[in-house]
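Reader: I would like to go through the salt bridges, the open and closed spaces and the surface of this model, with the cut-offs stated as we go. Could you begin with the term on which the first topic rests?

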Amino acid sequence: YQAAHTYIAPSRFVLDKYVEFGWRPARVAHLAHFAPTHKWSAEPAVARGPIVFAGRLQRQKGAHVFLEALARLSLPRTQEVVVIGDGPEHAALQAQAERLMPERVRFVGHQDFEAMREWYKRCLFAVVPSVWYEVLGFAVLEPFAVGRPVIGSRIGGIPEVIDDGISGRLVDAGDPAALAAAIDSMLAHPVETARMGAAARARAETAFGPAGHYNALLGIYENALRR
């Protein structure tokens with residue numbers, strides 16, 4: 001740890017944690033991960049499509065909160081809900097979904113990079129209901145890259161990506177009532193949701209594009225080499 005000149009923090013949240021734990025700020029540089037805007041194009045908003053959760057199925061990711069939120073809503077039978085991913089909570093989450101909303105939630109398991117793109121293209125919006133700190137959140141950047149807004153928890157690095165009310169919605173972590181209200185609002189206002197999706201793509205390009213990441217990374221390396 002002492003030999004390295006510079007450590008890279010993918011979010012301001014992580015940088016602040018380094019400093020809180022006693023690291024000198026000069027040793028930590030902030031550089032966010034980048035969105036796959038160079039591989040995934042912006043897609044037109046869809047009139048109908050699934051609500052998507054994508055992430056490892058473990059308690060920290062908050063899929064259980066997502067299911068609790070959905071159960072508070074009177075979703076039409078035609079509204080798809082898709083859970084993407086695998087992990088130790090898979091069986092428990094399936095049981096929870098069947099208890100709260102029998103035959104309403106589709107679990108599709110792990111999906112590769114291109115399959116994820118197709119799911120995001122099809123969806124209305126994505127939900128990232130984490131209940132523990134996210135370093136930044138590829139689960140936010142990926143739907144942003146295809147022009148889909150995200151409802152995310154106000155925790156860790158997520159608020160650094162989502163502009164609340166502009167590119168998506170932020171809700172308190174672990175609050176199914178607040179998450180349900182945000183989902184309901186997205187569904188009830190499709191024009192506004194489509195506008196947020198366009199803003200999400202624009203933010204992915206300007207704030208989280210690969211070219212900007214590459215140039216900033218070179219600058220960090222050059223500064224470290226000069227020390």
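Author: A salt bridge here is a side-chain nitrogen of Lys or Arg within 4 Å of a carboxyl oxygen of Asp or Glu. The model is predicted, so that local features need pLDDT of at least 70 and side-chain atom pairs count only at pLDDT 80 or more, while totals for chains, interfaces and linings use all residues. Residues are numbered from 1 along each chain as its sequence is written, and side-chain values use heavy atoms, with hydrogens and water left out.

Reader: Which residues are linked with E114 and R117 in a network of salt bridges?

Author: A search of the whole structure finds twelve salt bridges. Some of them join into a network that holds E114 and R117. The other members of this network are E43, E118 and K121.

Reader: How far apart are the closest N and O atoms of E114 and R117?

Author: Both residues lie in helix α4, three residues apart, which is about one turn of the helix; helices (H or I, at least four residues) and strands (E, at least two) are DSSP runs, numbered from the N terminus. The side chains of E114 and R117 form a salt bridge, and the closest N and O atoms are separated by 3.9 Å.

Reader: Is R117 buried or exposed?

Author: The classes follow relative accessible area, with buried under 20%, exposed over 50% and partly exposed in between (1.4 Å probe, protein chains only). E114 is partly exposed because its relative accessibility is 42%. R117 has a relative accessibility of 15%, and therefore counts as buried.

Reader: Which residue forms a salt bridge with R154 at 2.7 Å?

Author: R154 meets D164 in a salt bridge with an N to O distance of 3.9 Å, a pair that links distant parts of the chain although both residues lie in the loop between β7 (150-153) and β8 (168-171), ten residues apart. R154 is partly exposed at 41%, and D164 is partly exposed at 42%. A further salt bridge of R154, with the closest N and O atoms 2.7 Å apart, is formed by D172.

Reader: Where does D172 lie, and how many residues separate D172 from R154?

Author: D172 counts as partly exposed because its relative accessibility is 44%. The pair of D172 and R154 links distant parts of the chain, since R154 is in the loop between β7 and β8. D172 lies in the loop between β8 and α6, and the separation is 18 residues.

Reader: Which helix gives the most residues to the lining of the largest pocket?

Author: On a 1 Å grid over the protein atoms alone, a pocket is an open set of points with protein on both sides within 12 Å along at least five of seven lines, a cavity is a set where a 1.4 Å probe fits but cannot get out, and lining residues have an atom within 4 Å of a point. The largest pocket holds about 330 Å³, and among its 20 lining residues A54, G55, R56, I84 and A139 are the closest to its centre. At least two lining residues come from each of β3 (51-54), α4 (113-122) and α5 (138-146), and the most, three residues, come from α5.

Reader: How many residues line the second largest pocket?

Author: The second largest pocket contains about 220 Å³ of space, and α7 (190-207) supplies the largest share of its lining, four residues. V46, A47, L124, P190 and T193 lie nearest its centre, and the full lining comprises 18 residues.

Reader: Which residues line the largest cavity?

Author: The whole structure has one cavity of 30 Å³ or more. About 30 Å³ of space lies in the largest cavity. Its lining consists of Q58, R59, A63, H64, E89 and L93.

Reader: Which helix gives the largest share of the nonpolar patch?

Author: Patches are made of residues with over 30% relative accessible area and no salt bridge, with like charges joined within 9 Å and nonpolar side chains (Val, Leu, Ile, Met, Phe, Trp, Tyr) within 5 Å. I8, Y214, L218 and Y221 make a nonpolar surface patch of about 390 Å², and Y214 is exposed because its relative accessible area is 52%. The largest share of the patch, three residues, comes from helix α8 (residues 210-225).

Definitions and conventions. Accessible areas come from the Shrake-Rupley method with a 1.4 Å probe; for residues, only the protein chains shown count as cover. Grid points are joined across faces, edges and corners, and a volume is the space filled by probe spheres set on the points.
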